[in-house]
Amino acid sequence: MSEPQGTEGSTRRLPVMEPVTEKETAVGTGPPPDPAPDTGSGPSGRFWSARRVPAGIVALLLLLVAGAFLYDVVAVRAGRPALGWRRELARQLADRPLDDTWVLVGAGVAAALGLWLLALALTPGLRKVLPMRRTRPDVRAGLHRDAAATVLRDRAMEVPGVQSARVRMRRRKARVRALSHFRELDDVRTELDGALDDAVRGLGLARPPAVSLRVARPGRKG
């Protein structure tokens with residue numbers, strides 16, 4: 001006999017919840033793992049600038065000079081006379097002594113240009129970007145000085161009694177100048193010290209800057 005086609009009295013298999021293994025959790029099929037704590041143990045060096053403008057200028061100058069000399073050499077090899085500027089340059093280098101004023105000026109300019117290029121090559125640049133603590137080895141983050149100064153200024157303005165605040169942010173020090181129009185200056189300074197210290201720690205910088213604070217009364221108008 002065939003079984004009835006109705007739904008009454010029929011049996012259906014209920015879905016079964018399969019347990020999640022540790023391997024499935026590791027590959028992302030299970031619940032996400034807890035984020036790693038902010039240890040800040042990774043290296044956080046300064047950001048290096050690409051130096052595109054100085055490199056482009058040097059490459060363009062070298063291309064022009066090399067192209068001019070190459071054209072002149074090929075022209076001489078082809079039986080044509082050398083260009084006037086190269087003959088004049090050879091004559092000047094042969095006739096002028098080493099202690100001549102123009103020779104010393106040219107040598108000084110070349111030395112200064114060389115030192116400038118070496119400084120650009122050996123220094124990281126991007127002085128306005130402050131490196132932040134690294135919580136993951138494959139992620140780097142930086143904070144602009146102006147943004148950090150804005151955070152400190154806004155935090156200082158939240159302190160009661162502060163009329164205005166000005167922040168100058170450096171790599172190693174933050175100079176804060178605040179004006180207080182009421183309350184005792186010592187009380188405002190103490191509260192500002194705590195607020196700014198908390199704000200600096202909240203920035204998450206790899207090297208938190210030292211805070212130099214000055215609180216004064218606003219000057220009289222007129």
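## Arg 145, a buried charge

Let's start inside this predicted model, where the side chain of Arg 145 reaches the backbone oxygen of Arg 127 at 2.9 Å. Arg 145 belongs to helix H5, which covers residues 145-157. Which side chain of opposite charge is nearest to Arg 145? That is Asp 146, but it is 7.5 Å away, and Arg 145 has no salt bridge although it is buried. A salt bridge here needs a side-chain nitrogen within 4 Å of a carboxyl oxygen, so Asp 146, at 7.5 Å, does not qualify as a partner for Arg 145.

## Ser 180, a second contact to the backbone

Ser 180 offers another case of a side chain meeting a backbone oxygen. The side chain of Ser 180 reaches the backbone oxygen of Gly 161 at 2.8 Å. Ser 180 sits in strand E4, made up of residues 173-180. Is Ser 180 buried or exposed? With a relative accessible area of 0%, Ser 180 counts as buried, because the cut-off for that class is under 20%.

## The chain as a whole

It helps to step back to the overall layout at this point. The chain has six helices and five strands, and along the sequence they follow the pattern α-α-α-α-β-β-α-β-β-α-β. Of the 222 residues in the chain, 19% are buried.

One pairing across the sequence is worth a look too. Val 58 lies in helix H2 (residues 52-77) and is partly exposed, with a relative accessible area of 24%. Val 58 and Leu 117 are 59 residues apart along the chain, and their C-alpha atoms are separated by 9.0 Å.

## Salt bridges

Side chains of opposite charge can pair when their charged atoms come close. How many salt bridges does a search of the whole structure find? The search finds nine. One of them joins Asp 198 to Arg 201, with the closest N and O atoms 2.2 Å apart. Both residues lie in helix H6 (residues 185-202), three residues apart, or about one turn of the helix. Asp 198 is partly exposed at 43% relative accessibility, whereas Arg 201 is exposed at 54%. Elsewhere, salt bridges with shared partners link Glu 88, Arg 91 and Asp 95 into one network.

Within that network, the side chains of Arg 91 and Asp 95 meet at 3.4 Å, N to O. Arg 91 and Asp 95 are four residues apart in helix H3 (residues 84-95), so about one helical turn separates them. Arg 91 is partly exposed, at 40% relative accessibility. A further salt bridge brings together the side chains of Asp 138 and Arg 136, at 3.6 Å from N to O. Asp 138 and Arg 136 are both exposed.

## The largest pocket

Rolling a probe the size of a water molecule over the atoms shows where empty space is left. In this model, the largest pocket has a volume of about 190 Å³. Which residues of its lining are closest to the centre of the pocket? Among the 11 lining residues, these are Arg 46, Pro 131, Arg 171, Arg 172 and Arg 207.

The lining of the largest pocket is a mixture: five of its residues are nonpolar, two are polar and four are charged.

Methods
Residues numbered from 1 in each chain as written. Predicted model: local features only at pLDDT ≥ 70, side-chain atom pairs only at ≥ 80, totals over all residues. Heavy atoms only, no water. 1 Å grid on protein atoms, 1.4 Å probe; cavity = no way out; pocket = protein on both sides within 12 Å on 5 of 7 lines; lining within 4 Å. Points joined across faces, edges and corners; volume = space filled by probe spheres on them. Nonpolar A, V, L, I, M, F, W, Y, C, P; charged D, E, K, R; others polar. Helix = DSSP H or I, 4+ residues; strand = E, 2+ residues; numbered from the N terminus. Buried < 20%, exposed > 50% of the residue type's maximum accessible area, 1.4 Å probe, protein only. Lys, Arg positive; Asp, Glu negative; His and termini not counted. Polar contact = N/O pair within 3.5 Å; in protein donor to acceptor, adjacent residues only side chain to side chain.
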